Amino acid sequence: MATGRTHRPATRSRGIPEATVARLPLYLRALTALSERSVPTVSSEELAAAAGVNSAKLRKDFSYLGSYGTRGVGYDVEYLVYQISRELGLTQDWPVVIVGIGNLGAALANYGGFASRGFRVAALIDADPAMAGTPVAGIPVQHADDLETIVRDNGVSIGVISTPAGAAQQVCDRLVAAGVTSILNFAPTVLSVPDGVDVRKVDLSIELQILAFHEQRKSVEDTGEAGVGQSTAGVAQDVSVPAVPDAEEAPVRPVAEGRKGPDGDMPAVMPA
């Protein structure tokens, strides 16, 4: 089986926009559900509804893959599963290392959706000497002193950081120096990485803040008594919400070995 170091996803070379790349896992999840029900074909409207996107946007996204469907018939489900899996690099094995085996790291290690989607948890790493040798999800935790050796011996190119914020940058630097070129960051901090390294950030508190914003908006619309940013009963005030990029972004910039993969039922940016 191929390892994660030799393949460069076609999305990079073909200039597929980042926004389209982010939606491909949504389509794949919906298509996989259809495949499991032995549904042979699907219309753009049906698939768009299942993925939660606009059908015109879906058709444009698929045009980047060279898939236009057949008028009156729709898209072949199995073929699209294969196409999208190939574009996302999921037709091979991606060894992943998780650094920081606290409550969140342990939950990630126990997540059953990685293996079925092309990701293999190759190693678990923690800085606490008391954790060394402790099995989590059947995998013994290894000490952080051996991080570089672990990355090299397992051919790891994707690292997951679930450490406290204060330790995340140092862990990131060590992963990058060891050869990791893609990082999924669960630590509540912004990481600085060199060109050629991709970082995806999952911040649950930000997602909750965005939901609080929408709850406040709904409360204001229902009562008509306060404006956005003003206090309403039982609603958080002055919620800071990060800017949301435009749906159609510039094409993905070339990097040394970028890769993206779906996360199934996991939260946020490994798009579910």
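# Salt bridges, sheet and cores

At 28% relative accessibility, Glu 148 counts as partly exposed. That value, like every other one here, comes from a predicted model.

**Salt bridges**

Glu 148 has a salt-bridge partner in Arg 174, with their closest N and O atoms 2.8 Å apart. This pair links distant parts of the chain: Glu 148 sits in helix α8 (residues 147–154) and Arg 174 in helix α9, 26 residues apart. How many salt bridges does the structure hold? There are eight.

A second of these joins Arg 200 to Glu 18, with 3.9 Å between the closest N and O atoms. Arg 200 belongs to strand β9 and Glu 18 to helix α2, so this pair ties together parts that are 182 residues apart in sequence.

Another connects Arg 59 with Glu 45, where the closest N and O atoms are 3.5 Å apart. Here the link is between helices: Arg 59 lies in α4 (residues 55–65) and Glu 45 in α3 (residues 44–51), so parts 14 residues apart in sequence are tied together.

Are the residues of these pairs buried or exposed? The table gives each one.

| Residue | Relative accessible area | Class |
|---|---|---|
| Glu 148 | 28% | partly exposed |
| Arg 174 | 24% | partly exposed |
| Arg 200 | 26% | partly exposed |
| Glu 18 | 21% | partly exposed |
| Arg 59 | 36% | partly exposed |
| Glu 45 | 47% | partly exposed |

The class follows from the cut-offs: buried is under 20%, exposed is over 50%, and partly exposed falls in between. Glu 18, at 21%, is therefore partly exposed.

**The sheet**

In what order do the seven strands of the open sheet run? The order is β5-β6-β4-β3-β7-β8-β9, and the pairing is mixed. The edges are β5 (135–136) and β9 (198–201), each pairing on one side only. At the β5 edge, two bridges hold β5 and strand β6 (residues 139–143) together in the antiparallel sense. Pro 135 is set opposite Pro 140 of β6. Helix α9 (residues 165–178) packs on this sheet. The helix touches β3 (94–99), β7 (158–161) and β8 (182–185), and its direction makes about 170° with that of β7.

Now strand β4. It covers residues 119–126, and seven of its eight residues are buried, so the strand is largely enclosed by the rest of the structure. Strands β3 and β4 run parallel and are joined by six bridges. Within that pairing, Val 97 has Ala 123 of β4 as its bridge partner. Strands β4 and β6 also run parallel, joined by three bridges. There, Leu 124 is matched with Val 141 of β6.

In general, side chains in a regular strand alternate between the two faces of the sheet.

**Two residues in strands**

His 143 is part of strand β6. Is His 143 buried or exposed? Its relative accessible area is 19%; the limit for buried is under 20%, so His 143 counts as buried. The His 143 side chain reaches the backbone oxygen of Ala 127 at 3.1 Å. Beyond four places in sequence, His 143 touches Ile 125, Asp 126, Ala 127, Asp 128, Pro 129 and Ile 150.

Leu 184 is in strand β8. Leu 184 is buried as well, with a relative accessible area of 8%. Its C-alpha atom is 8.7 Å from that of Ser 162, although the two are 22 residues apart along the chain.

**Nonpolar cores**

Which residues touch the most other members of the largest nonpolar core? They are Leu 31, Leu 47, Phe 62, Ile 84 and Leu 124, out of 44 residues in that core. Helix α2 (residues 18–36) supplies the largest share of this core, eight residues. Apart from it lies another core of 21 residues, including Ala 123, Ala 144, Leu 147 and Val 180.

Phe 62 shows what such a core residue meets. Setting aside neighbours within four places in sequence, Phe 62 is in contact with Tyr 27, Leu 47, Ser 67, Tyr 75, Leu 80 and Ile 84.

Definitions and conventions. Residues numbered from 1 in each chain as written. Predicted model: local features only at pLDDT ≥ 70, side-chain atom pairs only at ≥ 80, totals over all residues. Heavy atoms only, no water. Core = buried A, V, L, I, M, F, W, Y, C linked by side-chain atoms within 4.5 Å. Buried < 20%, exposed > 50% of the residue type's maximum accessible area, 1.4 Å probe, protein only. Helix = DSSP H or I, 4+ residues; strand = E, 2+ residues; numbered from the N terminus. Contact = heavy atoms within 4.5 Å. Pairing = 2+ DSSP bridges. Axes fitted to C-alpha atoms, helices over the stretch in contact; angles between N-to-C directions. Salt bridge = Lys/Arg side-chain N within 4 Å of Asp/Glu carboxyl O. Polar contact = N/O pair within 3.5 Å; in protein donor to acceptor, adjacent residues only side chain to side chain.
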